[in-house]
Amino acid sequence: MAWQGLIHKYGERMKLTPGANPVTLHEGNTPLIPAPDLAKWIGHGIDLHLKYEGMNPTGSFKDRGMTTAITESLARGSKAVICASTGNTSASAAAYAARAGMTCFVLVPAGKVALGKIAGTLAYGARVLSIDGSFDTALNLVRKISEDGDVDLVNSVNPARIEGQQTAAWEIVEQLGQVPDWLSLPVGNAGNITAYWKGFCSKPCLSPCSAACLQCPIGTIKPRLLGTQAAGAAPLVLGHPVDHPETKATAIRIGNPARWDEAIAALSESGGHILAALDEEIFAAYSAVARTEGVFCEPSSAASVAGLKKALDRGEIEAAGQTVVCVLTGNGLKDPDSATESSKGLIPTEATFDALRRSILENL
Ligand code: F0G
């Protein structure tokens, strides 16, 4: 049967209002791509796979949690939703709200959201309120205003978001036929790391995932989690909130994660590790992912690759011969400015045969 989205596939395994009518864009079922050449770039003999969440309908993993959050909100009879966002949550909330016939308000930090994210959010018809303040300030404001009950909060402090996002853990096990040894992901507001850990700790599925997986290993075998924050926005690494977070990886420009305690618990229960990557390291990984494997993710997503390389290079973790999944949380097309700025750019070429031949020979 054709793919019909996450609630259709996993609804029985999630805590959702029984009988609620799913609001879906047929999200999920994203590719898990083997990445042998990127593994060579990283070194240390790992077996690397990329969970390409940029293939979700609005181009990020947020759609997994938004199908459930908006479904629940609609089932409660809400007419409007609100979120703070560095861009991906807002695009996703706007799309699912449009599908549900609800009004969507989003608060974004002025000048700090990638172009494609704003474009999508506006196209889906959301009211985009731009504030002179960080994501953290925006989140505090929307948390307070949603207490009045007129608008439903759909940031990942909403438990329905975590219910939906945990499905990525289940998909990875199905696609890989095993639980990976390490799961590496970028950490911002810490909803996603919380959701993955919930997924990996849940009850096993009833049927075998694949030929290789005769008995579902979920809940018995667990991966180690590797979290990466941007160095200028690394509260979990530093152990205290960061008042003025700064990084070119704007999706994870967050100084006080809402799911702080859950993230720390997940890291420690999994025997995992968290570290900070410099913007240069994140952007080097960003280019490497696209050029070695032909997979275009946004800069923040590449933090999962940058952090993995750094932790291995420094001997902070050991993973030789082990299976590692890097989660590429968002699509590179969302951030055209980063893509053009970190490439050589266009090669002006005169429209003649000779000039074309010269350009080709010079650039072979
Ligand atoms: N990667 C991308 C592409 C993101 O957009 C985000 C978060 C993260 C990683 C971090 O995930 O917050 O669950 O730890 N983006 C949020 C937003 C904050 O508003 O779109 P997290």
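Two cavities of 30 Å³ or more turn up when the whole structure is searched. Keep in mind that this is a predicted model. The larger story here is about where the ligand goes: the ligand sits in the largest cavity. Let's walk through the cavities, then the ligand, then the pockets.

**The largest cavity**

- Start with its volume, which comes to about 340 Å³.
- The lining of the largest cavity is made of 28 residues, and those closest to the centre are Phe61, Lys62, Gly188, Asn189 and Ala251.
- Helices α4, α7 (159-165) and α9 each give two or more residues to this lining.
- Of these, α9 has the largest share of the lining, with three residues.
- Sort the lining of the largest cavity by class and you get ten nonpolar, 15 polar and three charged residues.

**The ligand inside it**

- How many residues surround the ligand? There are 19 of them, and Ser85, Thr86, Asn189, Ala190 and Thr329 are the closest.
- Asn189 is a name to remember, since you meet it among the residues closest to the centre of the largest cavity and again among those closest to the ligand.
- Two helices, α4 (88-100) and α9 (191-201), each put at least two residues into the shell around the ligand.
- By class, that shell holds seven nonpolar, ten polar and two charged residues.
- Now zoom in on the backbone: a N or O atom in the backbone of Thr86 is 2.8 Å from an oxygen atom of the ligand.
- Thr89 has a polar backbone atom that is also 2.8 Å from a ligand oxygen.
- For Asn192, a backbone N or O atom lies 2.8 Å from an oxygen atom of the ligand.
- How much of the ligand's surface does the protein bury? Taken alone, the ligand exposes 480 Å², and the protein buries 99% of that.

**The second largest cavity**

- This one holds about 30 Å³ of space.
- Its lining residues are Ala114, Lys117, Lys248, Ala249, Thr250, Ala251, Glu298, Pro299, Ser300 and Asp335.
- By class, the lining of the second largest cavity has four nonpolar, two polar and four charged residues.
- Ala251 links the two cavities on paper: it is part of this lining, and it is listed among the residues closest to the centre of the largest cavity.

**The largest pocket**

- The largest pocket has a volume of about 460 Å³.
- Which residues lie nearest the centre of the largest pocket? They are Glu12, Arg13, Pro204, Cys205 and Leu206, out of 19 that line it.
- Two elements, α1 (6-10) and α8 (167-176), give two or more residues to the lining of the largest pocket.
- As for class, this lining has eight nonpolar, three polar and eight charged residues.

**The second largest pocket**

- Here the volume is about 290 Å³.
- Lining the second largest pocket are 15 residues, with Lys248, Thr250, Asp335, Asp337 and Ser338 nearest its centre.
- Helix α14 (residues 336-341) gives the most to this lining, namely three residues.
- The classes in the lining of the second largest pocket are four nonpolar, five polar and six charged residues.
- Some names come back here: Lys248, Thr250 and Asp335 lie near the centre of this pocket, and they are also among the residues lining the second largest cavity.

Definitions and conventions:
Residues are numbered from 1 along each chain as its sequence is written. This is a predicted model: local features need pLDDT of at least 70, side-chain atom pairs count only at pLDDT 80 or more; totals for chains, interfaces and linings use all residues. Side-chain values use heavy atoms; hydrogens and water are left out. A residue is near a molecule or strand if one of its heavy atoms lies within 4 Å of it. A polar contact is a pair of N or O atoms within 3.5 Å; within protein, one must be able to donate a hydrogen and the other to accept it, and residues adjacent in sequence count only if both atoms are side-chain atoms. Accessible areas come from the Shrake-Rupley method with a 1.4 Å probe; for residues, only the protein chains shown count as cover. On a 1 Å grid over the protein atoms alone, a cavity is a set of points where a 1.4 Å probe fits but cannot get out, and a pocket is an open set with protein on both sides within 12 Å along at least five of seven lines; lining residues have an atom within 4 Å of a point. A molecule sits in a cavity or pocket if more than half of its atoms lie within 2 Å of its grid points. Helices (H or I, at least four residues) and strands (E, at least two) are DSSP runs, numbered from the N terminus. Ala, Val, Leu, Ile, Met, Phe, Trp, Tyr, Cys and Pro count as nonpolar, Asp, Glu, Lys and Arg as charged, and the others, Gly among them, as polar. Grid points are joined across faces, edges and corners, and a volume is the space filled by probe spheres set on the points.
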